[in-house]
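This briefing goes through one protein model, topic by topic. Keep the sequence and the 3D view at hand while reading.

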Amino acid sequence: MRELNWAGHHAYAHTRLRRPRDESDLAETLAGASHVRAVGSRHSFNTICDTEDLLLDVTGLARPPVVDAGRGVVRVSAGTRFGDVARAVHEAGFALPNLGSLPHISVVGAASTGTHGSGSAHRVLAAGVSRVRLMSADGAAHELTRDHPDFAGAVLALGAAGIVLDVDLDLVPTYTLRQTRRLTTWDDTRARVREVLDDGYSVSVFTRFSDEQPTEVQRKAAPSPDAEPSPPSVLLGDEPHLTPIDEDRPWLEVLPHFRVDHRPSFGEEIQSEYFVPAERTDEAVAALTDLAPVLDAHLIVAELRSLAPDDLWLSPSGGVATTCLHFTWHRRPAEVATMDAQLGAALASLGGRPHWGKTFDPSAFDFGALYPRRDDARRLYDRLDPDGVFRNPFVDAALGIGSGGSSGL
């Protein structure tokens, strides 16, 4: 039986599929496996989860989140989705500082690939992890906390450090937000894009890089009773699957773009995304404006967001504030590959880094130069997994291992 990703365009390479029920079952399942990769909500769009042998569905390991009010953390097991965590945290009187646009994605998968949410003061979701517990290929479990010298390489590890059993996420006091929408032009937005992105707790700019259709600015910020009513969305489609506009709501009902109880996003799509240093934003949007006629036939919508820097070794925002350039494409793999080649050529020279879980052209990027701690990451994974059980061609290429170069990505 073919195992597909969430978007239905990629069939995972594997020979066996297992869904362990608990940690003991997981350890037995790992015994004797030559190569192992894990899937959760299956929201990756490339070959990062492919394996020559065992594909692990970790959703069977999901357990109810446990809030530790005294420590200000929530413990989250593998396979658990952000929507379930957000509800548990909110009921306990706490909040997460940031969420991705989809509450349907798994916490561990998001952390492992650099998934992020939005906000110039916010970091990738993995930066909120304070503790990670992993299972190695021999079935032994071990944990690292934020004070460990290897921690920054073990949290966002592309699955190469082992099977993540659970993580602790930092909590903050609960808060209320209001989401508003403003229609503007692309020309006006690109002229002051960083100013726009900085103006709110979490801001997203939806556009098609031209003035043929309006550009939409989604602003999530503290309640403002004097705000004018928002116009209907032009680019995002039907309203019922989107989080509420012009209402003061708890954080978990506003930070995502899509409601947890509705179908996520557009469905039949492919996604690409690139992180460009904030100081190169104007150059990036100029390049995208030039490419707009080429992108237009295959693009559903693009989204611009911002992120603060973090210290994770393989984070796309590691060490630098970034502008995130996200592309939702029609599900046309060959055409999207051509678009990614064009985007890679335009953005790599600006220091752009691709999202590890989305599609991109690997030949455009020098990962050794983009990630100064890559060699440290490779040495860490060699210690944790000396036989390379948890690696695959994608990971090897990202880490610069072997002769595969970037062809495995």
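Helices (at least four residues) and strands (at least two) are DSSP runs, numbered from the N terminus. The model is a predicted one. The points below start with an annotated span, then turn to the sheet, the cores, two helices and some single residues.

**An annotated span**
- The unreviewed UniProt entry lists residues 9–174 as "domain: FAD-binding PCMH-type".
- In the model, this span is 17% helix and 26% strand, and its end C-alpha atoms lie 38 Å apart.

**A hairpin**
- Strand E7 (residues 129–135) pairs with strand E8 (residues 141–145) through five bridges, in the antiparallel sense.
- One facing pair is Val132 and Leu144, the latter in E8.
- The two strands E7 and E8 form a hairpin with five residues between them.
- Gly139, in the turn, has a positive phi of about 90 degrees.

**The eight-stranded sheet**
- Eight strands form an open sheet with antiparallel pairing, in the order E14-E11-E13-E12-E16-E17-E15-E18.
- E14 and strand E18 (353–354) stand at the edges; each has a single partner strand, so one side of each has no neighbour in the sheet.
- Strand E12 (residues 202–207) and E13 are antiparallel and share five bridges. Val205 has Val217 in E13 as its bridge partner.
- Strand E16 (residues 299–307) runs antiparallel to E17 and is joined to E17 by eight bridges. Here Glu303 stands opposite His326 in E17.
- Strand E15 (residues 269–277) also pairs with E17 in the antiparallel sense, over nine bridges. Glu269 has His330 in E17 as its bridge partner.
- How much of strand E17 (residues 322–330) is covered? Eight of its nine residues are buried, so to speak of the strand as mostly covered is fair by the cut-off of under 20% relative accessible area.
- In a regular strand, side chains alternate between the two faces of the sheet.

**Nonpolar cores**
- Which residues touch the most other members of the largest nonpolar core? They are Phe209, Trp251 and Phe327, in a core of 105 residues.
- Apart from this core lies another, of 14 residues, including Leu30, Leu54, Val58 and Leu61.
- Beyond its neighbours within four places in sequence, Phe327 is in contact with residues including Phe209, Ile270, Tyr274, Leu288, Leu295 and Leu343. The contacts of Phe327 also include Gln271 and Ser272.
- In soluble globular proteins, nonpolar side chains tend to be buried together.

**Two helices with one buried face**
- In helix H2 (residues 82–91), the buried residues are Phe82, Gly83, Val85, Ala86 and Val89.
- Down the axis of H2, these buried residues fall within an arc of 160 degrees, so they line one face of the helix.
- The cover over the buried residues of H2 includes strand E4 (66–68), strand E5 (73–77), strand E6 (94–95), helix H3 (107–113) and E9.
- Gly93, just after H2, has a positive phi of about 90 degrees.
- In helix H10 (residues 374–384), the buried residues are Arg374, Ala377, Arg378, Leu380 and Tyr381.
- The buried residues of H10 cover an arc of only 160 degrees around the axis, which puts them on the same side of the helix.
- Helix H4 (151–154), helix H9 (367–370) and helix H11 (393–399) are among the elements that cover the buried residues of H10.
- An α-helix has 3.6 residues a turn, so residues three or four places apart point the same way.

**Single residues in loops**
- Ser317 is in the loop between E16 and E17. Is Ser317 buried or exposed? Ser317 is buried, because its relative accessible area is 0%.
- The side chains of Ser317 and Thr322 make a polar contact (2.6 Å).
- Leaving aside neighbours within four places in sequence, Ser317 is in contact with residues including Val124, Phe275, Pro309, Asp310 and Arg353.
- Leu158 is in the loop between H4 and strand E9 (163–170). Leu158 is buried, with a relative accessible area of 2%.
- Phi of Leu158 is positive, near 60 degrees, in a residue other than glycine.
- Asp246 is in the loop between strand E13 (215–221) and strand E14 (248–250). Asp246 counts as partly exposed, at 23% relative accessibility.
- Phi of Asp246 is also near 60 degrees, a positive value in a residue other than glycine.

Methods: Residues are numbered from 1 along each chain as its sequence is written. This is a predicted model: local features need pLDDT of at least 70, side-chain atom pairs count only at pLDDT 80 or more; totals for chains, interfaces and linings use all residues. Side-chain values use heavy atoms; hydrogens and water are left out. Buried means under 20% relative accessible area, exposed over 50%, partly exposed in between (1.4 Å probe, protein chains only). The arc is that of the directions from the helix axis to the C-beta atoms. Contact means heavy atoms within 4.5 Å. Two strands pair if DSSP finds at least two bridges between them. A nonpolar core is a set of buried Ala, Val, Leu, Ile, Met, Phe, Trp, Tyr and Cys residues joined through side-chain atoms within 4.5 Å. A polar contact is a pair of N or O atoms within 3.5 Å; within protein, one must be able to donate a hydrogen and the other to accept it, and residues adjacent in sequence count only if both atoms are side-chain atoms. UniProt positions are given in the numbering used here, feature names are shortened, and annotations may be inferred rather than shown by experiment.
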